[in-house]
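Student: Got a minute to go through a structure with me? I'd like to start with the cysteines.

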Amino acid sequence: MSSNDVAVKVEHLSKRYRIGLKEEMHDSIGSAMLSFFKSPLKNYRKYRSLYRFDDMDPNSEFDSAVNSDSILWALRDVSFEVNRGEVLGIIGNNGAGKSTLLKILSRITDPTSGRATIHGKVSSLLEVGTGFHPELTGRENIYLNGTVLGMRKSEVEARFDQIVDFSGVEKFLDTPVKRYSSGMKVRLAFAIPAHMEPEILIIDEVLAVGDAEFQKKCLAKMQDFTKGGRTILFVSHNMGAVIDLCPRSLLLQDGTLVSDGPSKDIVEEYLSKLFSPVDNQNLGSVSDRRGDGRLRFVAANLHSKNGKCTRVPISGHPIDIILDFFSKEDLSNVQFVLTVFNQRGVAVTNCHVKTMNRNFQIAKGSGRIICRINKLPLPLGNYKIAIAAYDGLRNELDGLSTACIFDVETSNFFGARYVPPMRYSTVLVDHTWELVK
Ligand SMILES: Nc1ncnc2c1ncn2[C@@H]1O[C@H](COP(=O)(O)OP(=O)(O)O)[C@@H](O)[C@H]1O
Ligand SMILES: [Mg+2]
């Protein structure tokens, strides 16, 4: 393969962050959509200075004040190549390093070590949120994004109608962006880089937000891109989209590249890891967990309405999720949260004591908390539950990404013999039909 065919070459890339700065990061850029066009250094600096990047200075490696406990490797020795015209999917758990990788490739942040070489003009859409100025109108924001990122006014003008058309915000062009719905913002944010005709398009998670219609439009637009030898790097939690769009994918886990191959295989590997078996009766011995350890979950069980332990709850029936824990000390204002994931890795629902305005005083020793669900709204399938506990200052006490795995094999949700096909439902909703004419 001649080197002319290579669009992106990543060699031994590593990126280190200082953990203490994480919260600040979320405040400054976490919620910001960063659309970034590779442009002369001057524009890049200008753009970069618009946001506060709390990255650690790569030179401070030799700073003795940095203690190794507070260091986190977001990427570790990652190497791969992408050929011109390839569409590469990048998947992995939250925190795996996907966004960090894309930020380095977009030259928004520097690697701590290693190298990323890019051949061609890049345009990226990074993180879901907004890089728009809320007080300015849609029209003004299109120009602002364009010019700040290095385009001439005439270049923005030439594409203006296409951008507006694609995003469907025509009626709201002269409305301040702060009045836009999140869907409108995402549509506009996708439309700008997508119409810049870059050679390499980098997309981070944008499909997580828009509605189904818009997602289709984005996928079609991306498909167009690949014609004519353009390259796409696509991060998504939508496994269906990854398989449809990307012949090849990378799987990142804790900052390392664990697999590289055909998307079908990589997605399967990712999903099987999500559902790695766990001994739900013996969570105390799980070492892969978060939190400071003042409280530890020791068991997670499901009880059906007769109080019997079950691993195959019935959809539509009541279910208790019972969490047993041990606390090393008295704790006040403790909050519990659990998330149910389906077999595609989609978080189906999140039950947090905060939604009941509750928190608990926990005495030293063993304890049990129960989350009661009156009518289990899950379609048939395979699920896992992730659990966590926090103290009153929001410090994580304990966190397990898999506390228990269960199957829903029987549905009595609608009380009818007909059960909606799984591929059309993620959650079941009580509803009625009425013929009014
Ligand atoms: N600016 C930052 N400062 C400190 N830690 C960060 C920063 N950005 C990301 N991280 C951490 O680096 C790890 C990888 O994050 P990220 O690349 O956003 O993962 P992903 O996109 O796969 O969810 C996470 O643990 C995250 O908390
Ligand atoms: Mg991310």
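Student: How far is the sulfur of Cys-404 from the closest cysteine sulfur?

Tutor: This is a predicted model, and in it that sulfur is 8.7 Å from the one in Cys-309, its closest cysteine sulfur. That's too far for a bond.

Student: And is Cys-404 buried or exposed?

Tutor: Cys-404 is buried, at 3% relative accessible area.

Student: What about Cys-351, which cysteine has the closest sulfur there?

Tutor: That would be Cys-371, with 4.2 Å between the two sulfurs. A disulfide needs the sulfur atoms within 2.5 Å, so this pair is too far apart for a bond as well. Cys-351 is partly exposed, with a relative accessible area of 21%.

Student: OK, how many disulfides does the structure hold?

Tutor: Zero.

Student: Let's switch to the overall fold. How many helices and strands are in the chain?

Tutor: Nine helices and 21 strands. The chain has 437 residues, and 49% of them are buried. If you take the contacts with a separation of 6 or more, 73% are between residues 24 or more positions apart. The accessible surface comes to about 22200 Å², and carbon and sulfur atoms account for 50% of that.

Student: What goes into the largest nonpolar core?

Tutor: It has 80 residues, and Met-222, Phe-234 and Phe-336 have the most contacts inside it. Helix 6 gives the most to this core, with eight residues. Both domain 1 (3–274) and domain 2 (283–424) put in at least three residues each.

Student: Why would nonpolar side chains be buried together?

Tutor: As a general tendency, that's what nonpolar side chains do in soluble globular proteins.

Student: Back to Phe-336, what is it in contact with?

Tutor: Leaving out neighbours within four places in sequence, its contacts include Phe-297, Phe-325, Phe-360, Ile-362 and Ile-369. Cys-351, the partly exposed cysteine from before, is also among the contacts of Phe-336.

Student: Which residues are in the second core?

Tutor: That one is separate and has 26 residues, including Leu-13, Phe-80, Leu-126 and Leu-233.

Student: You mentioned helix 6. How many of its residues are buried?

Tutor: 12 of the 13, so helix 6 is largely enclosed by the rest of the structure. The buried ones include Met-184, Val-186, Leu-188, Phe-190 and Ile-192, and also Lys-185 and Arg-187.

Student: What span should helix 6 have?

Tutor: Helix 6 covers residues 182–194, and at 1.5 Å a residue its expected span is 18 Å. Its end C-alpha atoms are 18 Å apart, which agrees.

Student: And where does Gly-168 sit?

Tutor: Gly-168 is in the loop between helix 5 (153–167) and helix 6. Its relative accessibility is 46%, so it counts as partly exposed. Its C-alpha is separated by 9.9 Å from that of Phe-214, which is 46 residues away along the chain.

Student: New topic, backbone angles. What is phi of Asp-77?

Tutor: It's positive, about 50°, although Asp-77 is not a glycine. The residue is in strand 3 (residues 71–83) and counts as partly exposed, at 48% relative accessibility.

Student: And what about phi of Asp-254?

Tutor: That one is near 45°, again a positive value in a residue other than glycine. Asp-254 is in the loop between strand 9 (248–253) and strand 10 (256–262).

Student: Is Asp-254 buried or exposed?

Tutor: Exposed, with a relative accessible area of 52%. The cut-off for exposed is over 50%, which is why Asp-254 falls in that class.

Key. Residues numbered from 1 in each chain as written. Chains lettered and ligands numbered in written order. Predicted model: local features only at pLDDT ≥ 70, side-chain atom pairs only at ≥ 80, totals over all residues. Heavy atoms only, no water. Buried < 20%, exposed > 50% of the residue type's maximum accessible area, 1.4 Å probe, protein only. Helix = DSSP H or I, 4+ residues; strand = E, 2+ residues; numbered from the N terminus. Expected span 1.5 Å × (residues − 1). Contact = heavy atoms within 4.5 Å. Areas by Shrake-Rupley, 256 points an atom, 1.4 Å probe, with all protein chains shown as cover. Core = buried A, V, L, I, M, F, W, Y, C linked by side-chain atoms within 4.5 Å. Domains from an automatic or database assignment.
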